[in-house]
Amino acid sequence: MGISRREFLKVAGLSAIAGVGGSWVLSIPAKRDAEAYEFLRHPKALTAKKWGMVVDLRRFKTQEDYRKVIEACHNIHNVPQFDNPKHEIKWIWTDTFKHAFPGQEHKYIMEKLEHKPFLLLCNHCENPPCVRVCPTKATFKSKDGGIIMQDPHRCIGCRFCMAGCPYGARSFNWRDPRPFVKKINPGYPLRTIGVVEKCTFCEERLARGLIPACVEASNGGLIFGDLGDPDSEVRTALRANYTIRRKSELGTEPSVFYIIEI
Amino acid sequence: MYNAGKIIAGLIVFLLIVTYPFINRVVTKPVVDAEKVERLKIKKPKEFTIAEHMTILDEWRDSAVRDGRRIYMGSDEKKYPISLQRNCLLCHPKERLCDRCHNYVGVKPYCWNCHIEAKE
């Protein structure tokens, strides 16, 4: 004889109670253990939904203006200077309008624009192709701020990310960079032969409450802030000016904007 | 149900025995694993450091690089910045902290390809 409806419901009810209660009991010891130590953020750390930058090219007039910014970055991050341009490592650099915004140049373009150097760096895309292609997750999008980070510990030097990046923002260490760093900053590590590197929006400085080195040196030419906060400095600059982005048609959603009124 | 009393009493006893480890954990103070607590303090016996430093460095590295959490607080409530160049090596020179053992056992970790020994 099969069980009655009443018996079946009793067994089902008891099983449900045992299941829910059991999982609650099991979850207790794990929680207790986790309280013993913690990894914390610096109390002054700067945080954002999505970090972004506006490059105000009206403020870059002389070669000196560009040099100051590039040197601030490259000195702090121990970026080597190679004589051979094929070995070049660049975090922030300049190029012409034609190369920075291909497809938007034409042969009748204003001369001033044609010869103006454009300050270029990693665009910290919202939809980064370099992250998608990295086989080891050495390059990844940080959980807070959406910075495209590079973990050289995990980089195997396959250079997929360099092929994936449409902006040429990544450089490969073909040689040991140490002898080519003029003055080593002991507060930041070097890189080793066979890894890829790039701009990290000074993640290590943001973690300590400092703004990026290039922004600090730019004298107002670079505006940095939270794209997710409508009252931030970048958003204010974006509201007030016409801005363009590099190769936005590719759908990578770059976070670096250019004001090109000159 | 025949013998309901005996069966129910038996079931209760059975449940108590099966769930004893969990009940014990909830009712009494949690048993703290002495080895784990030792691991969480920064001042550790030499033997412990020798055996476990790779795991610790690995955890700290992942926290700093991946999660942006660059301060470690152990069970002694003291906070330490997670950084070789800004923390460990400022007090413990690399020669004493790393090289003495590594040279002796003939291992060559590639930390120093990138990380810099503090000179100041």
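Let's start with a helix you can check with simple arithmetic: helix α6 of chain B covers residues 94-105, which makes 12 residues, and at 1.5 Å a residue it should span 16 Å. The C-alpha atoms at its two ends are 16 Å apart, so the expectation and the model agree. Keep in mind that this is a predicted model. Below, we stay with chain B for a bit and then move over to some strands in chain A.

**Helix α6 and what follows**
- Is α6(B) tucked away or largely in the open? Of its 12 residues, the number buried is one, so this helix lies largely in the open.
- Right after α6(B) comes Gly106(B), which takes a positive phi of about 70°.

**Chain B as a whole**
- Chain B has six helices and two strands.
- If you walk along the sequence of chain B, you meet them in the pattern α-α-α-α-β-β-α-α.
- Chain B has 120 residues, and 9% of them are buried.
- Now take the contacts in chain B between residues at least 6 apart in sequence: 40% of these join residues at least 24 apart.

**A three-stranded sheet in chain A**
- Over in chain A, three strands form an open sheet in the order β9-β2-β10, and their pairing is mixed.
- Which strands sit at the edges? They are β9 (222-226) and β10 (256-259) of chain A, and each of them pairs on one side only.
- Ignoring direction, neighbouring strands of this sheet are turned by 20° against each other on average.
- Helix α9 of chain A, residues 233-240, packs on the sheet and touches β2, β9 and β10 of chain A. The direction of α9 makes about 115° with that of β9(A).
- Strand β2 of chain A (residues 51-56) runs antiparallel to β9(A), and five bridges join the two.
- For a look at one residue pair, find Val54(A): its bridge partner in β9(A) is Ile223(A).

**Strands β3 and β4 in chain A**
- Strand β3 (residues 92-95) of chain A is joined to β4(A) by four bridges, and the two run antiparallel.
- Here too you can pick out a pair: Thr94(A) stands opposite Leu119(A) in β4(A).
- Where do the residues of β4 (residues 118-121) of chain A point? Phe118(A) and Leu120(A) point one way from the strand, while Leu119(A) and Leu121(A) point the other way.
- Are these four β4(A) residues buried or exposed? Phe118(A), Leu119(A), Leu120(A) and Leu121(A) are all buried.

Note on methods: Residues are numbered from 1 along each chain as its sequence is written. Chains are lettered from A and ligands numbered from 1 in the order in which they are written. This is a predicted model: local features need pLDDT of at least 70, side-chain atom pairs count only at pLDDT 80 or more; totals for chains, interfaces and linings use all residues. A residue is buried if 20 or more other C-beta atoms lie within 10 Å of its own, exposed if 12 or fewer, and partly exposed in between; C-beta atoms are placed from the backbone. Two residues are in contact if their C-beta atoms, placed from the backbone, lie within 7 Å. The expected span of a helix is 1.5 Å times one less than its number of residues. Two strands pair if DSSP finds at least two bridges between them. Axes are lines fitted to C-alpha atoms, for helices over the stretch in contact, and angles run from 0 to 180 degrees between N-to-C directions.
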